[in-house]
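Please read the following explanation alongside the sequence and the coordinates, taking one region after another.

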Amino acid sequence: MPFSPLLLRLRDSDPEMLLRQQHRVVISSSPTILMASKQLLKSTPLTLPLMLNLSSPITISAFPLKSTSRILPVSLKTSALPYTSHSNVPRPVYSENPEDTSNFSARFNVLKKKLEAIGFDTQMLKTGQYDNLLCPACKGGYSMEKSLSLVITLDGNCAVWTCHRGKCGWRGDTRAFVNGKSSYGRLNQITKIKPKREITEKSLGLEPLCRELIAYFGERMISEKTLARNSVMQKTYGDEFIIAFTYQRNGVFVSCKYRDVNKNFWQEEDTEKIFYGVDDIKAASDIIIVEGEIDKLSMEEAGFYNCVSVPDGAPASVSTKVFKSDEEDTKYQYLWNCKEYLEKASRIILATDGDSPGLALAEELARRLGRERCWRVKWPKKNEVDHFKDANEVLMYLGPDVLKEVIENAELYPIQGLFNFSHYFDEIDAYYHQALGFELGVATGWRGLNGLYNVVPGELTIVTGVPNSGKSEWIDALLCNINRSVGWRFALCSMENKVREHARKLLEKHIKKPFFDSGYGESIERMSIEEFELGKKWLSETFYLIRCENDSLPNIKWVLDLAKAAVLRHGVRGLVIDPYNELDHQRPANQTETEYVSQMLTIIKRFAQHHSCHVWFVAHPRQLHHWDGGPPNMYDISGSAHFINKCDNGIVIHRNRNPDAGPVDQVQVCVRKVRNKVIGTTGDAFLSYDRATFNFSMLLVDAIILGSLGQSLSDRNEGPGEDQENVKIFPWYGYG
């Protein structure tokens, strides 16, 4: 029985297109296959002519592309709908199991159809890598730039692509199988196959150098012998001669790089990236790496043959990317291609250019080759401001002997955190000659205490004492004395004081008169309005307040960030944090208080050292059981023993409360720790506290200095001018 064409009209609203997944209907016996997808049939109505053979049945199924059907979906780019060829075209042989991908032809055809649907031209595609394709997404922009790379795996199952155009960056991959899915962004899951061209001097049309180019190199102090040894050649473009640097490995032509008279560079495409002159380092334990081919030739003129040049020049800046494999490190692929040469080297001298890109290249090379075996070159000065840029400049202007000396004097490449004392000789010299300032500390203003404690920039002093002992009052008096003697400014984070009350206390210590006419001032006249106005100006010029004006608790990072701003903006030299328990000390659940305190004190010390700022940190002792009235020790501080372990100086302020033991205005300053023995030692000093002006002065007792160190310190440090002759110091040996 003859058969005739049947016109099948399919619409999105057609009930027959709503067949459930996996539902099949016997229509004809033709060896053709049709698969319809609901997702793809939502456009305008489509008419498909089908030749139906009634002698044997076939299956038509309507289900999405993600189906696990045994029927293999094939699509055409033109219609964006499922399609099969006419019956007179031989049908590919497909496995009954879609997971059986052993048939290369079937797998590759499916992959090409998917690429066509995305927008790729697949007529000439085979497995391997293709560069300089037109990107289907951006179409190359206005310039029609061909910037897309496509990789098809050898098994024909997967394609990976990326567009290198800066304004595009489209990337993705697709597979013939794996549930029919395409996933974008997983570019690095597929191994890239890069077929390399085989080139020769003849195929590139290279010629020996003409006399003009030999003369050009002669002006740059490169001899004809060096040019011949490195097979430097030329290529003719019209009436222009182009320099050709030939890249060889084991004597075999690998690549070629060109340079024209305008200093434009380009390389042969689809060739392997290697070092220029790589055969010269085959058995070398010392290697020199330069930035350009002419620098490599210049090194030979200075007698260094163990030198290579990078093929791609220098980057604009150091990259922040972290590469998981050498395949991802495409910019520096020449390092991995020459890995066997570099592994033998025990010393690698980086003689890159002295400009910013050259320094960036040196850092990129060092982090890949290992900083521990890298040295770097410091190019000599051209004048008072500038340095010579590279090896060829040094050769041209200073000669081969100077270039040789520069390479021989290469210095170790710096490793972060690893130093030599020579790196600090300038600072050590200044310390010896006392040129830094305050090497022996700043006097406290109380001569007897100067024998025990002096204030050094960059140190941390922990101050403690039982409540109401005068810790904050003593620190305020100390700051006033230091400002009076050397003019330091201070940042105050004093959370227990109201601003107006703190201002009153500081003004009373500065002017030495009471703020009010009241009982506490006794018979001393109140400060006048003129003194008050001058005092306000002094406050404004000397102190900067760190305060949290809302109801939240500040943490230590917040305090130090503001203190840093005060250092940089106002030049403060001291910071007071009073007290510890007024800060927010939230910490991770898995961190103990001891660990937190240790970490916090480390942060404070680094701040002090980095900004050359002395920090006073007030911390209260824990509740003292069976207290006998004596001063607590530093290990009694609430929170951790790290308060004394990690500080530079530890001081306990203690006030006598027993009339039978002595005057109740007597304040004992117990210096319990001094790390820097140049500026003090441990011991006790006694001060008298004036309740009228809130000032401290020396007790009127005979001076007793015990210990030669305390005597010498006492003699050399003078106070800010007040009567400080009578002080009694008791060295205390309980803590070191």
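In this predicted model, helix α3 (residues 211-219) lies across β11, β12 and β13, and its direction runs at about 70° to that of β12. Helix α5 also packs on this sheet, where it touches β11, β12 and β13, and its direction makes about 70° with that of β12.

The sheet that receives these helices is an open one of four strands, arranged in the order β11-β12-β13-β14 and paired in the antiparallel sense. Its edges are formed by β11 (232-237) and β14 (265-267), each of which has a single partner strand, so that one side of each is left without a neighbour in the sheet. On average, and with direction ignored, neighbouring strands of this sheet are turned by 35° against each other. Within the sheet, strand β12 (residues 240-249) and strand β13 (residues 252-259) pair in the antiparallel sense over seven bridges, and F245 has K257 in β13 as its bridge partner.

To return to helix α5, which spans residues 293-301, eight of its nine residues are buried, and the helix is thus mostly covered. The buried residues of α5 are E293, I294, D295, K296, L297, S298, M299 and E300, a list that can be followed directly along the helix in the displayed model. Just after α5, the backbone at G303 takes a positive phi of about 100°.

A helix pair comes next along the chain. How do α9 and α10 stand relative to each other? The axes of helix α9 (residues 391-398) and helix α10 (residues 400-408) come within 7 Å and cross at roughly 140°. The two helices, α9 and α10, are therefore oblique to each other; the reasoning here needs the cut-off by which an angle has to be over 145 degrees to count as roughly antiparallel. Where these helices meet, A391, V394, L395 and L398 of α9 are in contact with P400, V402 and L403 of α10. Sorted by class, this contact of α9 with α10 comprises seven nonpolar residues, with no polar and no charged ones.

Further on, the path leads to a strand with partners in the parallel sense. In strand β21 (residues 490-494), five of the five residues are buried, so the strand is largely enclosed by the rest of the structure. From β21, F490, L492 and S494 point one way while A491 and C493 point the other way, and all of them are buried. With strand β22 (residues 543-545), β21 pairs in the parallel sense over three bridges, whereas its parallel pairing with strand β23 (residues 574-578) extends over five bridges. The residue L492 takes part in both pairings, since its bridge partner in β22 is L545 and its bridge partner in β23 is V576.The last stop is a single acidic position, D684, which is placed in strand β27 (residues 683-690). Is D684 buried or exposed? With a relative accessibility of 7%, D684 counts as buried, because the cut-off for this class is under 20%. The side chain of D684 is joined to the side chain of Q668 by a polar contact of 2.8 Å, and a polar contact, also given as 2.8 Å, links the side chain of D684 with that of R672.

Technical notes
Residues are numbered from 1 along each chain as its sequence is written. This is a predicted model: local features need pLDDT of at least 70, side-chain atom pairs count only at pLDDT 80 or more; totals for chains, interfaces and linings use all residues. Side-chain values use heavy atoms; hydrogens and water are left out. Axes are lines fitted to C-alpha atoms, for helices over the stretch in contact, and angles run from 0 to 180 degrees between N-to-C directions. Angles under 35 degrees count as roughly parallel, over 145 as roughly antiparallel, 65 to 115 as roughly perpendicular and the rest as oblique. Contact means heavy atoms within 4.5 Å. Ala, Val, Leu, Ile, Met, Phe, Trp, Tyr, Cys and Pro count as nonpolar, Asp, Glu, Lys and Arg as charged, and the others, Gly among them, as polar. Buried means under 20% relative accessible area, exposed over 50%, partly exposed in between (1.4 Å probe, protein chains only). A polar contact is a pair of N or O atoms within 3.5 Å; within protein, one must be able to donate a hydrogen and the other to accept it, and residues adjacent in sequence count only if both atoms are side-chain atoms. Two strands pair if DSSP finds at least two bridges between them.
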